[in-house]
Amino acid sequence: MARIIDITDKLGLGGQPRLAIAGEEFEVDDSAVNVLAIMAEVKDVEHVTPESVLGVYERLFDGPTRERIDALGLSFDDFSTLVFSALDLAVGDDGGDSGNAGTPATA
């Protein structure tokens, strides 16, 4: 008989994580394939470009969510905080102070 190990309790199957901004919630795509593709695209945080930040933004948020975020009219600093906070959340680092302190400078 084949051995079966049930890992259901070890998985976070509770749905997509969300970021909250001014009372609104924005769903973040934390699927493994998506996060791995982002990691492959942004290999070196020392050389993050504006294009790569936009690519990460487009991967983490679907079209309707991006429209809602764009309507907020965030400053560059706030937008960077949003993107890198969402990335932290997607990779499972949602505790502690995220945002500008860990946000790499763009080239």
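Angles under 35 degrees count as roughly parallel, over 145 as roughly antiparallel, 65 to 115 as roughly perpendicular, and whatever is left over as oblique. Keep that in mind for the helix pairs below. One caution before we start: what you're looking at is a predicted model.

**The overall layout**

The chain has 4 helices and 2 strands. Walk along the sequence and you meet them in the order β-β-α-α-α-α. Of its 107 residues, 29% count as buried. If you take the contacts with a separation of 6 or more, 55% of them join residues that sit 24 or more positions apart.

**Two helix pairs**

Two packed helices are described by the angle between their axes and the distance between the axes. Let's start with helix α2 (residues 50-60) and helix α4 (residues 76-90), whose axes come within 10 Å and cross at roughly 55°. That angle falls in none of the named ranges, so α2 and α4 are oblique to each other. Their crossing is left-handed.

Who does the touching here? On the α2 side, look for V53, L54, V56, Y57 and L60; on the α4 side, they meet F79, L82, V83, F84, A86, L87 and A90. Sort the residues of this contact by type and you get 12 nonpolar, no polar and no charged.

Now for α1 (32-41). The axes of α1 and α2 are 10 Å apart, and the two helices pack at an angle of about 180°. An angle over 145 counts as roughly antiparallel, so that is what α1 is to α2. From α1 come N34, A37, I38 and E41, while α2 brings S52, G55, V56, R59 and L60. The mix in the contact of α1 with α2 is 4 nonpolar, 3 polar and 2 charged.

Here are the two pairs side by side:

| Helix pair | Angle | Axes | Residues in the contact |
|---|---|---|---|
| α2 and α4 | roughly 55° | within 10 Å | 12 nonpolar, no polar, no charged |
| α1 and α2 | about 180° | 10 Å apart | 4 nonpolar, 3 polar, 2 charged |

**What's tucked away**

Helix α2 appears in both pairs, so which of its residues are buried? They are S52, V53, G55, V56, Y57 and L60. The cover over these buried residues includes β2 (24-27), α1, α3 and α4.

S52 is worth a stop. This residue of helix α2 has a relative accessible area of 9%, and since anything under 20% counts, S52 is buried. Skipping residues up to four places away in sequence, S52 touches E41 and V42.

T65 is another one to find, this time in helix α3 (residues 63-70). With a relative accessible area of 7%, T65 is buried as well. Leaving out residues up to four places away in sequence, T65 touches F26 and E27.

**The nonpolar core**

In soluble globular proteins, nonpolar side chains tend to be buried together. In this model, the largest nonpolar core has 21 residues, and the ones with the most contacts inside it are L19, V28, Y57, L60, F61 and L82. Helices α1, α2 and α4 each supply at least two residues of this core. The biggest giver is α4, with 8 residues.

To see one of those core residues at work, zoom in on L19. Neighbours within four places in sequence aside, L19 is in contact with E24, E25, F26, V28, F61, L82, S85, A86 and L89.

Conventions:
Residues numbered from 1 in each chain as written. Predicted model: local features only at pLDDT ≥ 70, side-chain atom pairs only at ≥ 80, totals over all residues. Heavy atoms only, no water. Axes fitted to C-alpha atoms, helices over the stretch in contact; angles between N-to-C directions. Left-handed = near helix turned anticlockwise from the far one by under 90°. Contact = heavy atoms within 4.5 Å. Nonpolar A, V, L, I, M, F, W, Y, C, P; charged D, E, K, R; others polar. Buried < 20%, exposed > 50% of the residue type's maximum accessible area, 1.4 Å probe, protein only. Core = buried A, V, L, I, M, F, W, Y, C linked by side-chain atoms within 4.5 Å.
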